[in-house]
Amino acid sequence: MSGLLFERHSLNEASWLPDLGEPEEKTLALLPKDVLRQKGPELPSLSELDVVRHFTRLSQKNFCVDVNFYPLGSCTMKYNPKALDAIAAIDSFSLIHPYQEEEDAQGALKVLYEMQSFLSEITGMDDFTLEPAAGAHGELCGLLMIGAYHRSKKQKRTKVLIPDSAHGTNPASAALCGYEVAQIRTDAKGHVDVADLKSKLDGSVACLMMTNPNTLGLFEEEILGIARSAHEAGALVYYDGANMNALLGICRPGDMGFDVVHLNLHKTFAVPHGSGGPGSGPVGVKKELVPFLPSPRLVKKGDGYRWEKNLPCSIGKLRAYYGNFGAIIRSYGYIKALGGEGLRAAAEHAILNANYLKARLKDSFEVPYDGLCMHEFVMSAARQKKKGVRAIDIAKRLLDFGIHAPTVYFPLIVEEAMMIEPTETESKETLDEFVRALEAIDREIEEDPEKVLGAPHTTPVSRIDEVTAARQPNLRYRPEGKAGAGL
Amino acid sequence: MSDSTGLRYLETHEWVRLEGKIATVGISDHAQKEISDVVFVELPKPDRTVKQKESVLVIESVKAAFDIYAPMSGKVIRVNETLKTKPDLVNRSPYGEGWLFQVECSDLKEAEALMDESRYKSLGHAAGH
Amino acid sequence: MQYLSNAESDKAEMLKAIGVSSFDRLTASVPPGLKRFDWKIPQGISELELMRQMVELGRQNRHFHHFASYLGAGNYDHFIPGVVGQLAGRGEFLTAYTPYQGEASQGTLQSIYEYQSLVCELTAMDYSNASMYDGASSLAEAALLALRSSGRKKILLPATLHPEYRRVVQTYLSCLDAETVTVPMKEGVIDEAALGRLLDAGTAAVVVQHPNFFGLFEETRRVSSMAREAGALVIACVNPISLGILEPPGEYGADIAVGEGQPLGNPASFGGPHFGFFTVKAEFLRRIPGRIAGMALDKVGRRSFVLTLQAREQHIRREKATSNICTNHSLCALKGAIYLSLLGKKGIRKLALLNLKNAHDTHERLLQIPGVREFSKKPFFNEFALKVDRDPATLRKKLRENRILGPLALKEFYPEFPSAYLFAVTENRTPEDLARLAGALESS
């Protein structure tokens with residue numbers, strides 16, 4: 001097992017830096033003494049080799065798409081083409097400054113401008129901003145624009161409607177914008193309960209936030225009527241694009257009546273997840289909302305591109321500069337490489353793979369919402385729970401088969417939920433291995449439940465005591481603490 | 001006192017023990033089991049005025065957070081400081097050392113709206129179940 | 001180019017297992033009217049063609065390997081050792097998800113714990129989260145924390161704060177019952193008399209950027225104690241590399257310290273992605289936005305790491321979460337951690353001194369040029385403003401001829417400084433770069 005960085009000590013002179021060329025004291029004399037640091041920082045001192053070994057060994061303790069099947073529902077863990085990393089690393093894209101003159105960055109601006117057009121075409125929206133850094137950041141952006149839109153119409157609307165199957169970011173973003181959240185029920189078939197929705201649609205509703213396909217992996221068949229009802233009540237409809245991978249080239253949120261759309265480039269458009277980020281959360285809008293887009297706006301003048309900053313109705317800025325360019329350029333390359341046909345094929349295979357898994361697994365596991373699904377589906381370990389084994393145990397046991405666990409206990413409306421999204425890049429062979437693993441675990445639950453309850457057995461550590469971790473948080477290394485324990 | 005005799009309940013699983021104007025509040029055994037391992041209790045500030053059924057504090061487990069409501073209106077006069085270091089008392093002794101806070105009641109008549117133990121039990125998740 | 005793994009024969013077999021006759025049956029729940037649309041997405045191309053096109057497009061950008069950059073303002077041309085990109089680019093880090101399954105993510109979790117520890121050391125603060133999107137959004141989250149924790153409604157933002165950061169805080173707060181008030185500046189730093197007048201019992205927090213947008217040092221201790229007297233929190237926004245030599249925010253009284261992590265091993269990348277760091281004093285631990293990794297034990301007592309205090313977060317607390325953040329900038333923070341471990345205690349000091357020296361040499365040299373005048377007499381780190389009495393168009397032309405990017409014209413953000421420019425000077429700038437920069441200024 002690897003020790004902490006702080007527990008290793010080797011030679012380190014940071015020799016990758018040139019010499020100062022004069023005594024430190026002389027340089028320090030440039031500043032008044034009272035601004036200087038008196039002690040530390042106590043950063044660990046390691047040789048380059050030790051740093052390389054440390055982080056390489058750490059990396060080897062991770063599951064990842066490059067090694068493991070990773071069927072995390074709602075996360076779209078598809079293969080991320082390596083060519084895209086190479087593009088983002090090209091000097092002329094990675095070594096440019098956001099404040100260099102527009103004429104010195106026309107290549108980068110062209111990427112951004114064309115990307116806005118591509119995303120508008122793919123989603124059926126009128127314009128896009130690439131500024132938000134992630135999905136939740138996009139939600140914040142979209143909800144702020146919706147607020148600005150209603151204010152421009154002299155309307156005070158205080159409520160956001162959100163289905164009970166929604167991602168946690170939806171209500172959190174609504175609250176961040178000062179909205180009250182009202183929950184909409186899911187009906188027996190796994191769709192938004194239209195009657196419940198209609199009973200809550202009144203003049204106080206600013207917008208309805210929806211994911212389509214929803215988090216159960218089902219397409220909201222009534223979407224056109226739902227959007228119409230919302231619009232009749234003066235509310236806007238917001239599209240959480242977490243599940244856009246199902247719809248590429250098949251249908252478009254803009255055509256369904258959505259007014260604001262966010263996409264997760266790190267899900268649908270192949271930006272690697274990077275152990276939790278960075279992603280990118282572009283937001284698309286219909287014409288009526290264009291004036292409220294964040295600042296600045298990229299415009300095309302003749303053959304050139306430039307930033308328009310004089311935007312009196314804009315909501316403002318959500319982060320410094322223009323967006324996660326290094327992520328956006330990967331997605332730009334992805335769309336260029338796949339083309340329209342390739343994008344559609346991606347969605348088709350994502351749907352095919354999910355339905356195949358659902359069909360193969362429905363005998364061993366309960367599937368609460370039967371029938372065909374889109375790119376993902378939710379099954380339940382309720383049957384297994386009766387034998388004393390829960391979804392979390394099955395998830396941990398899967399790790400021993402070299403397969404990452406599905407999303408568990410989400411959506412909240414399904415007991416012992418296991419949400420499975422295979423993505424289009426996986427082969428039937430891999431899906432079959434996954435089915436065999438789950439069937440084997442199901443047999444173990446009958447024959448040797450302890451094996452499942454005690455899992456994982458093959459990972460660098462076994463089940464972690466999260467309770468003590470939360471009761472007595474240890475969130476950083478403290479050198480003094482170590483000295484104390486040693487005495 | 002660590003038994004549940006004579007307690008009154010809110011449907012949201014808070015119990016209250018009334019002694020004169022002083023109400024001691026905790027959560028039922030059923031509730032602590034549902035929450036499972038309590039990892040943190042976010043206690044209210046003393047002197048805070050609360051209304052009946054208003055959210056007063058939050059109990060956290062590893063994977064969830066639960067709002068706890070005031071069974072009686074009044075002023076918070078004491079909080080169980082021990083929970084700062086031993087949140088697990090809520091699990092180990094829900095009716096005793098795991099109490100949460102005390103309120104000086106402003107209206108004792110409010111107690112009439114609370115359930116007695118047999119009514120609370122009849123909801124199908126009796127204390128000590 | 002497609003990245004699928006199923007053959008046509010697989011497809012037929014799978015449809016059969018599902019029990020449908022054709023793919024179209026799978027999307028029967030989509031209303032047919034929605035399936036008819038035209039989109040203008042070009043045909044796909046091969047990887048070879050893609051790379052050729054991108055390299056060609058890149059030729060329209062002037063980049064740091066051909067041009068010496070004096071641009072800063074939160075995003076700097078620092079040297080990045082080869083190790084950083086190699087390690088952070090490993091598939092095990094690059095293609096893993098958020099470490100919710102702890103046993104399958106010990107690499108990520110330990111590196112986050114180490115990142116948190118390194119950032120706490122650097123800032124002398126008690127706790128750090130696992131990263132935010134960038135410095136500006138991190139500052140906005142700090143303002144939200146201050147509003148919630150104090151119950152007060154006003155955030156004071158100095159005129160010396162990065163103008164885009166100010167705009168971001170204002171945007172985050174625009175739909176809430178809260179206001180931001182600008183504290184005027186004097187000689188390029190916070191006007192303390194004005195600050196005194198603005199601080200009152202309704203002030204939730206005072207923000208201080210140090211070094212500030214002009215690269216100048218603020219009177220951090222005095223600002224802190226003024227805030228404290230009014231019962232307001234202090235939010236420091238700092239440059240991490242400056243902390244190699246400058247007093248850290250934890251020691252001058254900051255309750256929350258945030259900043260832009262780009263200088264720590266992340267390429268400029270036209271402004272993103274980088275990461276924002278977010279640190280607090282212990283009493284605010286439960287109010288931190290976003291993810292935190294903690295050390296734990298597994299069931300046989302082995303040291304392990306896990307995401308903890310998750311009940312603050314959106315996936316559990318939903319509308320009552322401390323923030324809506326989910327995806328953060330983990331990989332960028334990892335680069336920061338690798339970079340800091342390559343520097344070590346001596347290295348971070350040396351790096352800070354190299355920046356300090358280079359910037360001061362440049363400052364001194366440029367001031368010898370007729371028509372170049374001082375902006376402020378306050379001390380600075382690796383960035384400074386100068387007044388340059390030149391025709392902007394001619395100056396731009398000369399800078400380009402001399403292969404220089406920047407300096408930043410301050411009039412973009414501060415119309416009251418029509419002739420001032422902001423120069424950032426890192427360890428990457430050489431005496432030859434300086435000669436070209438001086439030449440451009442002299443000849444324009």
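These notebook entries record what I looked up in a predicted model, beginning with its confidence scores and ending with its salt bridges.

**Entry 1: Confidence**

I began with the scores of the predicted model, which are ipTM 0.97 and pTM 0.96. For chain C, I noted a mean pLDDT of 97, with 100% of the residues at 70 or more.

**Entry 2: Chain C against chain A**

I then asked how many residues of chain C are in contact with chain A. The contact joins 183 residues of chain C to 203 residues of chain A. The size of an interface is often given as the accessible area lost when the parts come together. For chain C and chain A, I recorded a buried area of about 17,000 Å², of which 63% is on carbon and sulfur atoms. Glu103(C), Phe270(C) and Arg318(C) supply 6% of the area that chain C buries here, more than any other three residues.

Next I looked up the polar side of this interface. There are 86 residue pairs in polar contact between chain C and chain A. Helix H12 of chain C, residues 330-367, gives the largest share of the side that touches chain A, namely 24 residues. By residue type, I found that this side of chain C divides into 91 nonpolar, 53 polar and 39 charged residues.

I counted 15 salt bridges between chain C and chain A. One that I examined joins Lys40(C) to Glu121(A), at 3.5 Å from N to O. I also noted a network of salt bridges that links Glu103(A), Asp104(A), Arg62(C) and Arg400(C).

**Entry 3: Chain C against chain B**

In the contact between chain C and chain B, I found six residues from chain C and ten residues from chain B. The area buried between them is about 720 Å², with 45% from carbon and sulfur atoms. On the side of chain C, Arg286(C), Ile316(C) and Arg317(C) lose the most area, together 58% of what that side buries.

I recorded four salt bridges between these chains. In one of them, the side chain of Arg317(C) meets that of Glu60(B) at 3.5 Å, N to O. Two residue pairs are in polar contact. The side of chain C that touches chain B holds two nonpolar residues, one polar and three charged.

**Entry 4: Asn129(C)**

Is Asn129(C) buried or exposed? I classed Asn129(C) as buried because its relative accessibility is 0%, and buried means under 20%. Asn129(C) sits in the loop between strand E2 (127-128) and helix H7 (135-150) of chain C. Its side chain reaches the backbone nitrogen of Ser131(C) at 2.9 Å, and the backbone oxygen of Pro289(C) at 2.9 Å. Beyond four places away in sequence, I found that Asn129(C) touches several residues, including Tyr115(C), Phe278(C) and Arg291(C).

**Entry 5: Salt bridges within a chain**

Over all chains, I noted 66 salt bridges in the whole structure. Within chain C, Arg221(C) and Glu247(C) meet at 2.4 Å, N to O. Arg221(C) lies in helix H10 and Glu247(C) in the loop between strands E8 and E9, so the pair ties together parts that are 26 residues apart in sequence. Arg221(C) is partly exposed, at 48% relative accessible area, whereas Glu247(C) is buried at 8%.

I also looked up Asp298(C), which forms a salt bridge with Arg302(C), with the closest N and O atoms 2.8 Å apart. Asp298(C) is buried at 4%, while Arg302(C) is partly exposed at 36%.

How values were computed: Residues numbered from 1 in each chain as written. Chains lettered and ligands numbered in written order. Predicted model: local features only at pLDDT ≥ 70, side-chain atom pairs only at ≥ 80, totals over all residues. Heavy atoms only, no water. Contact = heavy atoms within 4.5 Å. Buried area = accessible area lost by both parts, 1.4 Å probe. Polar contact = N/O pair within 3.5 Å; in protein donor to acceptor, adjacent residues only side chain to side chain. Helix = DSSP H or I, 4+ residues; strand = E, 2+ residues; numbered from the N terminus. Nonpolar A, V, L, I, M, F, W, Y, C, P; charged D, E, K, R; others polar. Buried < 20%, exposed > 50% of the residue type's maximum accessible area, 1.4 Å probe, protein only. pLDDT = per-residue confidence, 0-100.
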